[in-house]
Amino acid sequence: MSAEETTKTIKAYCLRLLARREHSRKELLNKCSLKGFQKNDVLPVLDELTNKGWQDDARYAESYARQRIQKGYGPLAVQYELSQNGVQPDTIEPLLHSVADSWLDVLEQVYHKKYTHDRRLSRQEWAKRSRFLLQRGFPADMVSALFTHLAIRFPKF
């Protein structure tokens, strides 16, 4: 296959992927590598797609973050996943502040979707609920703030 045909094939493949959903540059590069294309052949195509505005990491990050927030994930999880997908930290930080109106509101929705509102919990139940929220990517101080906001306490011994 000639270089021109390879470039056309790579471009067509990338456009098919982008037609389905937004992809980060790193994701496209990984998928092309798995398909057997050489990195040196893929990079110029990705540059072209970026210059034409067909691929944009900031747009991908916003779309991805909104999706993960709707599924009940917190800022730490979203930040980690975006960085794993090749989005630069200077893009992630402002995005996390702008995408969710209030992380505490998101946290409260996730909590109420999973648990009933009990004001008094055993230590074991309190720890279980805290672990769930922490595993969803919410920071410990935010989880504590939620429990304070909802006036949830556990009995002292």
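**H3 packing.** I started with what H3 leans on: its buried residues (buried is under 20% relative accessible area, exposed over 50%, partly exposed in between, with a 1.4 Å probe and protein chains only) pack against helix H1 (3-20) and helix H2 (25-34). I take helices as DSSP runs of H or I, at least four residues, numbered from the N terminus. Note to self: this is a predicted model, where local features need pLDDT of at least 70, side-chain atom pairs count only at pLDDT 80 or more, and totals for chains, interfaces and linings use all residues. Residues are numbered from 1 along each chain as its sequence is written, and side-chain values use heavy atoms, with hydrogens and water left out.

Which residues of H3 are buried? I found Val-42, Val-45, Leu-46 and Leu-49. Down the axis of H3 they fall within an arc of 105°, taken from the directions from the helix axis to the C-beta atoms, so they line one face of the helix. Asn-40 and Asn-51, on the other side of H3, are exposed. After H3 comes Gly-53, with a positive phi near 85°.

**Cores.** Next I pulled up the largest nonpolar core (buried Ala, Val, Leu, Ile, Met, Phe, Trp, Tyr and Cys residues joined through side-chain atoms within 4.5 Å). It has 29 residues, and Leu-82, Trp-103, Val-106, Tyr-111, Leu-133 and Phe-138 touch the most other members. I checked Leu-133: leaving aside neighbours within four places in sequence, it is in contact (heavy atoms within 4.5 Å) with residues including Leu-107, Val-110, Tyr-111 and Phe-138. Another core lies apart from that one, with 13 residues, among them Leu-18, Leu-28, Val-42 and Leu-49.

**Rings.** How many aromatic pairs does the structure hold? I get six, with Phe, Tyr and Trp (six-membered ring) pairing if centres lie within 6.5 Å; planes under 30 degrees apart are stacked, over 60 edge-to-face, the rest tilted. Tyr-13 and Phe-37 make a tilted pair, 6.4 Å centre to centre and 50° between the planes. Tyr-13 is in helix H1 and Phe-37 in the loop between H2 and H3, so the pair ties together parts 24 residues apart in sequence. Tyr-115 and Phe-132 are edge-to-face, at 5.9 Å and 85°. I noted both as buried.

**Charges over Tyr-73.** Last lookup: Arg-68 lies over the face of Tyr-73, 4.1 Å from the ring centre. The charged end of Arg-136 also sits over the Tyr-73 ring, 4.6 Å from its centre. My cut-off is NZ of Lys or CZ of Arg within 6 Å of the ring centre and within 35 degrees of the ring normal.

Notes
Helices (H or I, at least four residues) and strands (E, at least two) are DSSP runs, numbered from the N terminus.
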